[in-house]
Every structure is written in structure tokens, then in C-alpha cells.
Amino acid sequence: MTASAACPSFAGYRFPAEIISQAVWLYFRFPLSLRMVEEMLAFRGVVVSHETLRQWGRKFGSDFAAKLRRRRPKLGDT
């Protein structure tokens with residue numbers, strides 16, 4: 001799941017839209033804690049606190065969760 005860099009909702013953030021979207025996607029897609037996502041990003045060289053991840057989740061999480069729900073198979077799909 002990628003986010004376009006021209007998306008105005010990501011304007012003014014220190015990190016690129018790709019990193020923010022990856023972190024929020026990891027948190028909502030898999031049963032990971034904020035600290036686990038923080039460690040995964042740190043392993044890749046991105047230093048971000050769990051509090052920042054929480055704020056990103058509050059701001060961008062509803063959009064990602066809605067996209068994930070729309071991608072789920074519907075009842076009756078074969």
C-alpha cells in the first residue's frame with residue numbers, strides 16, 4: 001500500500017510519505033505494537049519514536065483501516 005508523495009495530508013512532516021504510510025500500514029495490518037514497529041523501522045535506519053507512530057496512527061490510521069477493509073473479500077465471493 002503506497003501513498004503518493006503529492007498527497008497534501010503528508011505535507012509538513014519530517015519523514016517522506018512512503019515511510020509514514022509503511023509504518024501505519026505495518027501497525028494496522030499486522031498484530032504489532034508501536035514499539036515493535038519502531039524497532040522494525042530502526043533496523044532499516046529510520047529513527048522514529050513510538051509516540052510519533054501513535055500520532056501518525058491517530059491521524060492516518062482510519063484511512064488505512066478503511067482501505068484494508070475494502071480490500072477484504074466480501075461475503076459470497078468465491
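Q: How do the residues of the lining of the largest cavity divide into nonpolar, polar and charged?
A: This is a predicted model. Ala23, Val24, Tyr27, Leu34, Leu53, Trp56 and Gly57 line the largest cavity. Gly counts as polar, whereas Ala, Val, Leu, Trp and Tyr count as nonpolar. The lining therefore divides into six nonpolar, one polar and no charged residues.

Q: Which elements give two or more residues to the lining of the largest cavity?
A: The lining includes Ala23, Val24 and Tyr27, and also Leu53, Trp56 and Gly57. Match those numbers to the helix ranges, 17–29 and 50–71. The elements are α1 and α3.

Q: How much space lies in the largest cavity?
A: The whole structure was searched for cavities of 30 Å³ or more, and one was found. The space in the largest cavity is about 30 Å³.

Q: Is α1 roughly parallel or roughly perpendicular to α3?
A: The axes of α1 and α3 come within 8 Å. They cross at roughly 70°. Angles of 65 to 115 degrees count as roughly perpendicular. So α1 is, relative to α3, roughly perpendicular.

Q: Is the crossing of α1 and α3 left-handed or right-handed?
A: Handedness depends on which way the near helix is turned from the far one, and clockwise counts as right-handed. Where α1 passes α3, the crossing is right-handed.

Q: How many nonpolar residues does the contact of α1 with α3 have?
A: From α1, the contact includes Ile20, Val24, Trp25 and Phe28. In α3, the partners include Leu53, Trp56, Phe60, Phe64 and Leu68. Three polar residues and one charged residue also take part. The nonpolar count is 10.

How values were computed. Residues are numbered from 1 along each chain as its sequence is written. This is a predicted model: local features need pLDDT of at least 70, side-chain atom pairs count only at pLDDT 80 or more; totals for chains, interfaces and linings use all residues. Side-chain values use heavy atoms; hydrogens and water are left out. On a 1 Å grid over the protein atoms alone, a cavity is a set of points where a 1.4 Å probe fits but cannot get out, and a pocket is an open set with protein on both sides within 12 Å along at least five of seven lines; lining residues have an atom within 4 Å of a point. Grid points are joined across faces, edges and corners, and a volume is the space filled by probe spheres set on the points. Helices (H or I, at least four residues) and strands (E, at least two) are DSSP runs, numbered from the N terminus. Axes are lines fitted to C-alpha atoms, for helices over the stretch in contact, and angles run from 0 to 180 degrees between N-to-C directions. Angles under 35 degrees count as roughly parallel, over 145 as roughly antiparallel, 65 to 115 as roughly perpendicular and the rest as oblique. Contact means heavy atoms within 4.5 Å.
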